[in-house]
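Reader: Could you take me through this structure? I am new to it.

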Amino acid sequence: MNSIRSRTEERVHQMAAIRSATREIDPQHNAGDVDLLAQIGYKQELRRHYSTLQVFGIAFSIMGLLPSIASVLPEGLECGPAGLVWGWFLAPIFILCLGFSMSFLGSAIPTSGGLYYYTNYYCPESVRVPLSFLIGCSNSLGLIGAVCSISYGFAVQVLSCVFIQQDGGFEITNAKCYGIFVACLLSSCMLCCLASKHAAVLQTMSIVVNIFLVLLFLIAVPAGKAHDFNSRGFIFGNFENSRDYGTVWSFALSWQPAIWTIGAFDSTIHCSEEAKNAQRAIPVGIIGSISTCWIVGWILCIVCCACIKDGDVARVLNSETGSAMAQIIFDALGKKWAVAFMSLIAFGQYLMAVSLLIALSRQVWSFARDDGLPVVYNWVKYVNPKIKVPIRATIFVGLFGVILGLLVLIHGTAGSDALFSLAIGCNAISWGMPILLVLLPYGRRKFVPGPFYFGKYLSNFINLVSASWAGYVITLVMFPDSRHVTAQTMNYTVVINVGVWILCLVYFFVWGYRYYTGPKANIDSEYLESVSVSTSPQKIEELLDGKLEKV
């Protein structure tokens with residue numbers, strides 16, 4: 001064992017000295033989650049406590065069907081009821097392909113770094129480090145944008161409750177919206193800093209709340225409406241275009257509600273180092289959450305369109321409550337029920353923010369662990385040894401979100417809309433890049449499938465569809481909501497996204513390359529001995545000689 005220790009220490013020093021490490025990982029050969037993580041190159045620093053149900057709950061609660069639909073309902077209805085309903089039906093077909101591709105990757109290499117790790121691992125040597133740095137930054141920014149958009153949705157629902165309660169005698173302003181947004185974000189950070197076992201309970205509670213909200217809506221709103229439902233022709237055939245684009249492109253833009261809502265499936269990968277049996281839990285979480293939200297969300301959209309009073313879409317879109325969903329519920333159930341319902345929706349939205357902050361903090365922490373987060377990585381990568389939670393990473397993303405949320409103060413809806421499309425655009429490139437790399441010759445040779453895989457030909461076809469879809473989505477979310485671009489209709493996502501991508505690469509080539517050299521092994525001899533209960537000394541030798549080969 002002494003010889004093993006000396007060889008281990010020598011190898012770790014080598015790993016710290018070289019530019020990066022390329023590890024040939026065999027996901028089929030491991031004695032457990034901790035051993036596989038060591039094979040990937042990392043210590044087990046977080047506590048593994050998420051069951052498969054709770055892993056599913058992470059993605060499902062972040063998607064938060066009814067609160068999410070309440071937040072993005074206007075974007076779908078701007079092409080009429082048919083635009084919303086058919087947009088929701090069609091978009092998840094491609095999102096499910098993307099979920100399958102993510103499951104292939106997550107089942108093979110379950111690590112919190114996820115997307116930037118895969119980019120580094122499957123990318124040719126010449127560009128892998130700057131490209132993985134770009135994806136790490138983009139994925140982090142996209143998830144922060146998602147947290148901000150969820151928190152903004154929470155603020156809108158709260159203000160709608162107050163407006164209805166005060167019978168319209170309350171002025172909704174951007175400043176008030178930002179104040180509630182900040183309160184939501186900071187209080188969510190405090191909850192996320194709790195011991196991780198409490199965070200796992202939150203996932204279970206969030207599942208229950210989301211299911212309760214969906215069932216309550218599907219029963220109460222149609223019952224309150226009672227009669228005069230809109231016709232099938234109105235729901236499925238009325239493409240009432242409120243945009244100044246043509247109907248075809250307006251319909252394409254109306255796919256965004258589904259894309260944004262069913263867009264947190266990679267959160268299961270970011271929490272994989274806290275999951276039990278991660279290689280199987282990740283695919284269940286991803287595919288299960290996408291499929292559930294596809295079917296149930298489509299039903300919710302149909303009910304919303306059926307209950308629009310007098311079929312007046314324009315009235316719902318221009319509701320003084322500030323929320324199209326609040327107007328539909330108010331018309332069906334009256335003031336008291338509307339206030340109660342919107343309060344429950346706001347609570348569900350709050351739980352969404354908490355769940356996503358948990359996943360986001362793990363992504364940022366893992367990126368900082370590899371010295372990737374610009375400037376503050378040394379401070380952020382600290383994990384509290386008592387509760388094993390990356391508290392500093394949680395605080396960092398909370399403060400960053402408060403700054404990014406200043407977009408809410410821009411006159412009109414352009415700033416707040418940018419938060420939603422920012423989440424889609426940054427995450428789409430982060431999803432699409434490793435999938436594309438696995439399709440290319442270098443990545444295809446390195447890819448060793450995990451337990452979840454559909455075989456070479458079907459999996460490659462799914463990956464091709466997924467990569468193409470990701471490219472299409474990036475293009476889609478860069479368009480402004482109007483052909484007549486002003487300060488109020490400008491899509492600031494293109495400025496922020498492209499600006500961040502350029503600044504990330506400039507920073508890397510000017511300064512960041514000194515610190516970030518790709519994912520870094522942080523195992524040492526003592527740690528390998530402590531986790532080698534189920535791994536023989538010969539296997540440790542094999543791990544060191546075969547799995548941690550330097551480039």
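Author: The questions below deal with cavities, aromatic rings and two buried residues. This is a predicted model, in which local features need pLDDT of at least 70, side-chain atom pairs count only at pLDDT 80 or more, and totals for chains, interfaces and linings use all residues. Residues are numbered from 1 along each chain as its sequence is written, and side-chain values use heavy atoms, with hydrogens and water left out.

Reader: How many cavities of 30 Å³ or more are there?

Author: The count is 4 cavities of 30 Å³ or more. On a 1 Å grid over the protein atoms alone, a cavity is a set of points where a 1.4 Å probe fits but cannot get out, and lining residues have an atom within 4 Å of a point. Grid points are joined across faces, edges and corners, and a volume is the space filled by probe spheres set on the points.

Reader: What volume does the largest cavity have, and which residues lie nearest its centre?

Author: The largest cavity has a volume of about 140 Å³. Its lining has 16 residues, and Ala146, Trp260, Gly263, Ala264 and Ala423 lie nearest the centre.

Reader: Which helices supply that lining?

Author: At least two residues each come from α7 (128-165), α12 (256-261), α17 (335-369) and α20 (414-439). The largest share, 4 residues, is from α20. Helices here are DSSP runs (H or I, at least four residues), numbered from the N terminus.

Reader: And by class?

Author: The lining of the largest cavity has 12 nonpolar, 4 polar and no charged residues. Ala, Val, Leu, Ile, Met, Phe, Trp, Tyr, Cys and Pro count as nonpolar, Asp, Glu, Lys and Arg as charged, and the others, Gly among them, as polar.

Reader: What about the second largest cavity?

Author: The second largest cavity has a volume of about 50 Å³. Among the residues lining it are Ile95, Phe265, Trp431 and Trp469. Two or more lining residues come from each of α5 (80-108), α20 and α22 (456-477), and α22 gives the most, with 3 residues. By class, this lining has 10 nonpolar, no polar and no charged residues.

Reader: Turning to the rings, how many aromatic pairs are there?

Author: There are 37 aromatic pairs. Rings of Phe, Tyr and Trp (its six-membered ring) pair if their centres lie within 6.5 Å; planes under 30 degrees apart count as stacked, over 60 as edge-to-face and the rest as tilted. Tyr121 and Tyr122 make an edge-to-face pair, with 5.0 Å centre to centre and 85° between the planes.

Reader: Are those two buried or exposed?

Author: Tyr121 and Tyr122 are both buried, meaning under 20% relative accessible area (1.4 Å probe, protein chains only). They belong to one aromatic cluster that also includes Phe100, Phe104 and Tyr117.

Reader: Which charged residue lies over Tyr121?

Author: Lys446 lies over the face of Tyr121, at 3.9 Å from the ring centre. A charge sits over a ring if NZ of Lys or CZ of Arg is within 6 Å of the ring centre and within 35 degrees of the ring normal. The charged end of Arg392 likewise sits over the ring of Tyr382, 4.4 Å from its centre.

Reader: Why does Ser101 count as buried?

Author: Ser101 counts as buried because its relative accessibility is 1%. Ser101 lies in helix α5. Leaving out residues up to four places away in sequence, Ser101 touches Ile435, Ile462, Asn463 and Ser466, where contact means heavy atoms within 4.5 Å.

Reader: And what does Gly145 touch?

Author: With residues up to four places away in sequence not counted, Gly145 touches Leu404, Leu419, Leu422 and Ala423. Gly145 lies in helix α7 and is buried, at 0% relative accessibility. Gly145 and Gly401 are 256 residues apart along the chain, with their C-alpha atoms separated by 7.5 Å.

Definitions and conventions: Buried < 20%, exposed > 50% of the residue type's maximum accessible area, 1.4 Å probe, protein only. 1 Å grid on protein atoms, 1.4 Å probe; cavity = no way out; pocket = protein on both sides within 12 Å on 5 of 7 lines; lining within 4 Å.
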